[in-house]
Amino acid sequence: MCLRRLQIDRYDRYVINSASFWFFTAVYKIAMNKDNRPADIYVRFLQLANALRGLPSLPSLDPLEDRILAFVARSGQARERLSVRDMMAQSELGSPAMLHARLKSMREKGWIVLSDTDDTRRKQVELSQAAWLHFDKLSKCLVQATRDASK
């Protein structure tokens, strides 16, 4: 688990909430500009994210693996413990056997890591450092798209 995530306190949450407020306020102001449409920001983000995919990084994921990655990321962001058993209980992600195969594939690709818990029979599912860096890059693309639309 990333040491930085373990050190978040109330002040950091306030900063994150303030940054979110600033971001959505900026998006609203840009969207209300008569020359720009709100969709322009999203389309620019898609262009930047697509360019990011062309850079050498982790192997690509199929659409279901993308959904699994998003599920793991949301759990990690909410600081919820997520075990392999918890993942397999999510029927919207598919059958337990298929989910196990996808988790194995994502682990081999370097997107997730399985860490030990107090009970050696249970494994914790977490994003890898490389996956967190990927989300950081996507976040920068979103901020850049917002800045580009304000020019």
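**Close-up views of a predicted protein model**

**View 1. Leu48 is buried, with a relative accessible area of 16%.** Buried here means under 20% relative accessible area, exposed means over 50%, and partly exposed lies in between (1.4 Å probe, protein chains only). Leu48 belongs to helix α3, which spans 38-53. Helices (H or I, at least four residues) and strands (E, at least two) are DSSP runs, numbered from the N terminus. The model is predicted: local features need pLDDT of at least 70, side-chain atom pairs count only at pLDDT 80 or more, and totals for chains, interfaces and linings use all residues. Residues are numbered from 1 along each chain as its sequence is written, and side-chain values use heavy atoms, with hydrogens and water left out.

**View 2. The surroundings of Leu48 include Ala145.** Leu48 also contacts Cys141, Gln144 and Asp148, with neighbours within four places in sequence set aside. A contact means heavy atoms within 4.5 Å. Along the sequence, Leu48 and Ala145 stand 97 residues apart. In space, their C-alpha atoms are 7.6 Å apart.

**View 3. Gln144 sits in helix α7.** Helix α7 covers residues 129-150. Gln144 is one of the contacts of Leu48. The pair is 96 residues apart in sequence. From C-alpha to C-alpha, Gln144 and Leu48 are separated by 8.3 Å. Their cover is not alike in class: Gln144 is partly exposed, at 31% relative accessibility, whereas Leu48 is buried.

**View 4. Val72 is a buried residue of helix α4.** The relative accessible area of Val72 is 2%. Helix α4 runs over residues 63-77. Val72 touches Leu82, Met87, Val125, Glu126 and Leu127, once residues up to four places away in sequence are left out. One of these, Leu127, lies 55 residues from Val72 in sequence. The C-alpha atoms of Val72 and Leu127 are 6.8 Å apart.

**View 5. Gly76 is found in helix α4.** Val72 is in that helix too. Gly76 has 21% relative accessibility and counts as partly exposed. Its partner in this view is Glu126, 50 residues away along the chain. The C-alpha atoms of Gly76 and Glu126 are separated by 6.8 Å. Glu126 is also among the residues that Val72 touches.

**View 6. Arg79 has a positive phi of about 60°.** Arg79 is not a glycine. Most residues other than glycine have a negative phi. Arg79 is placed in the loop between α4 and α5. Helix α5 itself covers 84-88. At 40% relative accessibility, Arg79 counts as partly exposed.

**View 7. The start of the chain has pLDDT under 50.** pLDDT is the predictor's confidence in each residue, from 0 to 100. The stretch with these scores is residues 1-18. For this stretch the model has 10 contacts beyond four places in sequence. Across the protein, the average pLDDT is 77. A score of at least 70 is reached by 74% of the residues.

**View 8. The whole protein has 7 helices and 2 strands.** Along the sequence, the pattern reads α-α-α-α-α-α-β-β-α. Helix α7 thus follows the two strands. The protein holds 151 residues, and 30% of them count as buried. Val72 and Leu48 are two such buried residues. Now take the contacts with a separation of 6 or more. Residues 24 or more positions apart account for 62% of them.
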